[in-house]
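Grab the viewer and work through these short exercises on how two parts of a chain meet. Try each task before you read its solution.

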Amino acid sequence: FTLGLASTDLALHAPSQWASAIKSRAHQLGYHVVISMVEDLQLQSCRAAVNELIAQRVDGILINVPLETTDAQAITQYCGDLPVLFLDVDPQASLFSILFDPDTGARQGVAHLLALGHRQIALLTGPETSVSARLRYQGWLHELAAHQLTPLRVMEGDWSAASGYQCALTMLNQPKLPTAILVANDQMALGVLRAAHASGVAVPQQLSVVGYDDTQDSAYFQPPLTTIRQDFQLSGRESVNRLVQMLQKNPASYPDSLLLNTTLIQRQTTA
Ligand code: IPT
């Protein structure tokens, strides 16, 4: 059997972690994995990547491309009998998927800051084109509203450390500074730490920073980053297990979708 993986930019954290976890689990089970990278986030490009995989005679497809529900449904239909599992869609949609619960992650970050007494909280979101980035943002707003709070400021990055740096420089250059910032991923949080340092703002004494992902490097940031952990190893392994189960062609044992929890990892960027 051969499994196909259609993925966004492998230079980003989630795609690279998934590619590696999926490859190694498939290898253990004696499957091959072929990867097709999607250059931009248009439905057309995702379809082209899927076609490329089908041409290579894959038996099932994993899709790590942020897709709107209707687009993901169109891809599922398009693939016909070929099982398709999604990694970056809305958990509310009835698609076959393995996802991290964005509401839990958002709640953990907000609750942690509120418990420390923060009320002036800024948000640094991921790109609006990303389903997960939007869900994290909505989760933060929802949790803040549940405590009669609104964000002090909201800015949008593109997941890169460079964008985190630029956005944080802008935020830290305003008269009214946040006491804490929730960041949609650790790479952007790395840029925020550097901007704080460059602006003479002490972390965590003057500014608390919470990331999202828990990359292997995050414990080595200065200071070590408090973050929301997503276990990509677990998710990659489970996605292969479940897709393979679909290939057994026994509808009675078709697996369900899975919603994974996130964990708050408290390090030294919050006080
Ligand atoms: C999300 C990561 O949190 C972020 O760091 C970035 O790698 C992004 O993926 C790329 O799409 S995780 C999300 C796909 C569940």
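**Exercise 1. Which side chain does the side chain of Gln 230 make a polar contact with?**

Solution. Start at the Gln 230 side chain: its polar partner is the side chain of Asp 213, at 2.9 Å. A polar contact here is a pair of N or O atoms within 3.5 Å; within protein, one must be able to donate a hydrogen and the other to accept it, and residues adjacent in sequence count only if both atoms are side-chain atoms.

A quick word on the source: this is a predicted model, where local features need pLDDT of at least 70, side-chain atom pairs count only at pLDDT 80 or more, and totals for chains, interfaces and linings use all residues. Residues are numbered from 1 along each chain as its sequence is written, and side-chain values use heavy atoms, with hydrogens and water left out.

**Exercise 2. Is Gln 230 buried or exposed?**

Solution. Gln 230 has 5% relative accessibility, so it counts as buried (under 20% relative accessible area; exposed is over 50%, partly exposed in between; 1.4 Å probe, protein chains only). Next, look around: leaving out residues up to four places away in sequence, Gln 230 touches Phe 100, Arg 136, Tyr 212, Asp 213 and Thr 262.

**Exercise 3. How many salt bridges are there between domain 1 and domain 2?**

Solution. First, split the chain: domain 1 is 2–100 + 231–260 and domain 2 is 102–229, with bounds from an automatic or database domain assignment. Then count: there are 2 salt bridges between them, meaning a side-chain nitrogen of Lys or Arg within 4 Å of a carboxyl oxygen of Asp or Glu. Separately, Arg 134 forms a salt bridge with Glu 68, with the closest N and O atoms 3.0 Å apart.

Note on methods. Contact means heavy atoms within 4.5 Å.
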